[in-house]
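Thank you all for coming. I would like to walk you slowly through one protein model today, so please look at the picture first and keep it in view while I talk.

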Amino acid sequence: MKILVTNDDGLYSPGLACLAKVASSFGKVIVMAPDIEQSSMGHAITANRPITYKTSPIIFEDIETYRVNGTPADCVAMGIHLFKDFDIVLSGINMGANLGNSAWHSGTLSAARQAVLFKQRGIALSVSLGENEIDFDNLSTYVHKALSNVINLNKPELLNINFPQLPNGEITWTKQSVQHYDGKVVASKDPMGRNHYWFTVIPIDGEEEGSDRWAVKRGKISITPMLLDLTDKQFLGSEMSIH
Ligand code: MN
């Protein structure tokens, strides 16, 4: 099995190191990751300047590794173009959950989605942050277990996996939580007295049973099968006429 590993936290993230190591037990891994953090970049692609990549052998001694001056989606496009014939693309492990509406802006999930656009399977992996540092040695056991369940499936093409910081060992299929969010722009001043702003998004409602947020809150590992087609098929089928 040939596996492309990328992320949106950048090449130096411990989450990427953990994923690359676990992925190595399933096959040959090539790592191609952004040279700087690209979190919340969504599915951005670099279209107005050329992209370059450099070998980065220092990060993983025995894994072919490259850093790219582009976005997570760029890394996947570049990786598939340069090294071809991957069986799967893995993105993560993101330092922070990608639940609910995060699907819209997550660079981690967008990299996995870019894989599907390039006719490869894509899996995004993220871990919730808490008060303590993440114990990746402990987490890697669960990452291996979760991947063992899905890495050889032909379908679904796109999966979003979320790990609680301390998993209870249960793994469950979930749906994406679609709730209303309180999007706030909080104004403040920098040390020079200039205005600056923080953008915050907080879910208003509780978690729907069976959703990704619901599962992770209960210590379960959440696997959400996702589609690229966002069409409202129910509406299309309702014979609403247009004049
Ligand atoms: Mn990130």
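Where helix 1 meets helix 4, the residues on the helix 1 side are Pro 14, Gly 15, Cys 18, Leu 19 and Val 22, and they touch Phe 136, Ser 140, Val 143, His 144 and Leu 147 on the helix 4 side. If we sort the residues of this contact by class, we find seven nonpolar and three polar ones, and no charged residue. I should say at once that what you are looking at is a predicted model, so please hear everything that follows as a description of that prediction.

Staying with this pair for a moment, helix 1 covers residues 14-24, and its axis lies 10 Å from that of helix 4, with an angle of about 50° between the two. With that angle, helix 1 counts as oblique to helix 4, and the crossing of the two is right-handed.

Let us now turn to another pair, helix 2, which is residues 72-83, and helix 3, which is residues 107-117. How do the axes of helix 2 and helix 3 cross, and within what distance do they come? They come within 8 Å and cross at roughly 30°, and because angles under 35 degrees count as roughly parallel, helix 2 and helix 3 are described as roughly parallel to each other. The crossing of helix 2 and helix 3 is right-handed. From helix 2 the contact takes in Pro 72, Ala 73, Val 76, Ala 77 and Ile 80, while helix 3 brings Gly 107, Ala 111, Gln 114 and Ala 115. By class, the contact of helix 2 with helix 3 has seven nonpolar residues and two polar ones, with no charged residue among them.

Next, the metal. Which residues of the protein are the donors of the manganese ion? They are Asp 8 and Asp 9, each through OD, then Ser 39 through OG and Asn 94 through OD1, and they lie 2.0 to 2.2 Å from the ion. Along the sequence, the spacing of these donor residues can be written D-D-x29-S-x54-N. Ser 39 and Asn 94 link distant parts of the chain, since Ser 39 sits in the loop between strand 2 (28-34) and strand 3 (53-55), whereas Asn 94 belongs to strand 5 (residues 88-95), and the two are 55 residues apart. Ser 39 has a relative accessibility of 28% and therefore counts as partly exposed, while Asn 94, at 7%, counts as buried.

The loop between strand 2 and strand 3 also holds Ser 40, whose phi is near 60°, a positive value in a residue other than glycine. Is Ser 40 buried or exposed? Its relative accessibility is 52%, so Ser 40 counts as exposed. Lys 84, in the loop between helix 2 and strand 5, likewise has a positive phi, near 50°, and with a relative accessible area of 45%, Lys 84 is partly exposed.

Finally, I would like to point out the peptide bonds that are cis. One joins Gly 92 and Ile 93, with omega at about -5°, and Ile 93 is placed in strand 5. Another joins Lys 155 and Pro 156, with omega at about -10°, and here Pro 156 lies in the loop between helix 4 (136-150) and strand 7 (158-163).

Conventions
Residues numbered from 1 in each chain as written. Predicted model: local features only at pLDDT ≥ 70, side-chain atom pairs only at ≥ 80, totals over all residues. Heavy atoms only, no water. Donors = N, O, S within 2.8 Å, 3.2 Å for Na, K, Ca; no water. Helix = DSSP H or I, 4+ residues; strand = E, 2+ residues; numbered from the N terminus. Buried < 20%, exposed > 50% of the residue type's maximum accessible area, 1.4 Å probe, protein only. Axes fitted to C-alpha atoms, helices over the stretch in contact; angles between N-to-C directions. Parallel < 35°, antiparallel > 145°, perpendicular 65-115°, else oblique. Left-handed = near helix turned anticlockwise from the far one by under 90°. Contact = heavy atoms within 4.5 Å. Nonpolar A, V, L, I, M, F, W, Y, C, P; charged D, E, K, R; others polar.
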